[in-house]
Amino acid sequence: MTPAEPSFVVLRGAGDSPVILHVPHSAREIPPAVRAGIVLDDPALERELDHITDAHTAEIAEEAARRAGVTPWRFVNALSRLVVDPERFPDEREEMLSVGMGAVYTRTTHRDVLRGEDSEAEPLIARYFRPYAAAMTDAVTERLAAVGRAVVIDVHSYPTAPLPYELHGGGPRPPVCLGTDAFHTPPELLTAARESFGEIGETGLDSPFGGAYVPLEYYGKDPRVSAVMVEIRRDTYMTEPGGPAGPGLPRLATALAELVDAVSA
C-alpha cells in the first residue's frame with residue numbers, strides 16, 4: 001500500500017439500500033513504515049495479530065451482501081487496527097486509553113508494550129484515522145441523501161475467553177453480543193437483530209463489548225442514522241486464535257443477510 005492509496009475500501013450496494021456494513025477490524029496488514037514503530041519481533045507480532053484481529057469478518061460481510069435481497073454497502077478497513085483503530089475516540093473521551101488502546105495502541109492485548117514511550121500518535125491519526133472517519137461520514141451522508149436514512153451495522157468478533165486488555169471482560173460472553181447506543185439504536189433495529197441471530201444461539205446486550213459506531217458528525221445528533229454492533233464469539237465460526245473459518249461462517253452470513261433485509265424494507 002503506497003502513501004497515496006486509501007486504507008479502506010467502499011463497496012457499492014443497491015442505490016436504495018440504507019445499510020452500511022462496517023468491517024473495521026478484519027485486516028492484518030501493517031505498512032512497513034508503521035511496522036517500524038512497533039517494538040514486537042515478528043513472531044510476537046503475528047501472535048498479537050491472531051488475538052486482536054476480528055478474523056474472517058470481512059468474509060462474513062461479503063457473503064451476507066451476496067445473500068441479501070437488497071445489497072448493502074460495505075465499508076471495510078484494509079489495514080490492521082494496530083495501525084489505527086478507527087472506532088476509538090481520538091481524544092480523552094476514549095475509555096480504552098486506560099489500557100493503552102486509544103485510537104493508536106501503545107499496549108497489546110496482554111498489556112505488553114506495543115509502541116515505545118517516544119512514539120507519537122498524531123502522524124498516524126492524520127494519515128489514517130481522519131481520512132477514514134471522513135470517508136465513513138461521506139458514506140453515511142450519501143445514504144441519507146439517497147434514501148433519507150442510514151443504518152450502520154458493525155461486524156466484529158471476540159474471543160471465547162477474555163483477554164487481559166478487556167475492561168468489561170467479567171460479564172456474559174454469549175454467541176452473539178449486540179452493542180447498542182441509547183440514541184442511535186431504536187427498538188425495532190434491536191428486535192430485528194435479535195430475531196435474525198436467534199438461530200445462532202443466545203444474543204446478549206453490550207457484554208463483553210458495548211456501543212455502536214456512528215460518525216462523530218452525526219453522533220448523538222441525527223436520529224436518521226441508526227446503528228448496532230454485531231459481536232460474534234469466535235468459537236461459533238473459527239479456530240482460535242487466528243485460525244481458519246469453519247462451517248459456522250455461512251450460518252452467520254445468512255443471519256446477517258436476514259438483518260440487512262429486515263432493516264432495508
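Here are some friendly notes on the sheet of this predicted model and the helices that pack on it.

1. **The sheet.** A good place to start is the open sheet, which has 7 strands in the order β1-β3-β2-β4-β7-β5-β6 and mixed pairing. Strands β1 (8-11) and β6 (203-205) stand at its edges; each has a single partner strand, so one side of each lacks a neighbour in the sheet. On average, neighbouring strands are turned by 20° against each other, direction ignored.

2. **The β5-β6 pair.** Strand β5 (residues 176-179) runs parallel to β6, and 3 bridges join them. If you would like to find the pairing on screen, valine 176 has threonine 203 of β6 as its bridge partner, and cysteine 177 stands opposite glycine 204 in β6.

3. **The two faces of β5.** Is β5 covered on one face or on both? Both faces are covered: Val176 and Leu178 point to one side, Cys177 and Gly179 to the other, and all are buried.

4. **Helix α4 on the sheet.** Helix α4 (residues 122-147) packs on the sheet, where it touches β1, β2 (19-23), β3 (73-77), β4 (150-158) and β7 (225-233). The direction of α4 makes about 160° with that of β2.

5. **Helix α6 on the sheet.** Helix α6 (residues 248-264) lies across β2, β4 and β7, and runs at about 165° to β4. As a check on its length, the 17 residues of α6 should span 24 Å at 1.5 Å a residue, and this agrees with the 24 Å between its end C-alpha atoms.

6. **What α6 buries.** The buried residues of α6 include Leu249, Leu252, Leu256, Leu259, Val260 and Val263, along with Gly248 and Ser264. Alanines are on the list too, among them Ala253, Ala255 and Ala257. What do these buried residues pack against? Their partners are the strands β2, β4 and β7 and the helices α3 (57-67) and α5 (187-196).

7. **The α3-α6 crossing.** The axes of α3 and α6 come within 8 Å and cross at roughly 55°. Angles from 35 to 65 degrees fall outside the parallel and perpendicular classes, so α3 counts as oblique to α6. The crossing of α3 past α6 is right-handed.

8. **Residues at that crossing.** Which residues meet where α3 and α6 are in contact? From α3 come Glu59, Ile60, Ala61, Glu63, Ala64 and Arg67. From α6 come Leu249, Pro250, Leu252, Ala253, Thr254, Leu256 and Ala257. Of these α6 residues, Leu249, Leu252, Ala253, Leu256 and Ala257 are also among the buried ones.

Methods:
Residues are numbered from 1 along each chain as its sequence is written. This is a predicted model: local features need pLDDT of at least 70, side-chain atom pairs count only at pLDDT 80 or more; totals for chains, interfaces and linings use all residues. Side-chain values use heavy atoms; hydrogens and water are left out. Two strands pair if DSSP finds at least two bridges between them. Helices (H or I, at least four residues) and strands (E, at least two) are DSSP runs, numbered from the N terminus. Axes are lines fitted to C-alpha atoms, for helices over the stretch in contact, and angles run from 0 to 180 degrees between N-to-C directions. Contact means heavy atoms within 4.5 Å. The expected span of a helix is 1.5 Å times one less than its number of residues. Buried means under 20% relative accessible area, exposed over 50%, partly exposed in between (1.4 Å probe, protein chains only). Angles under 35 degrees count as roughly parallel, over 145 as roughly antiparallel, 65 to 115 as roughly perpendicular and the rest as oblique. A crossing is left-handed if the near helix is turned anticlockwise from the far one by less than a right angle, and right-handed if clockwise.
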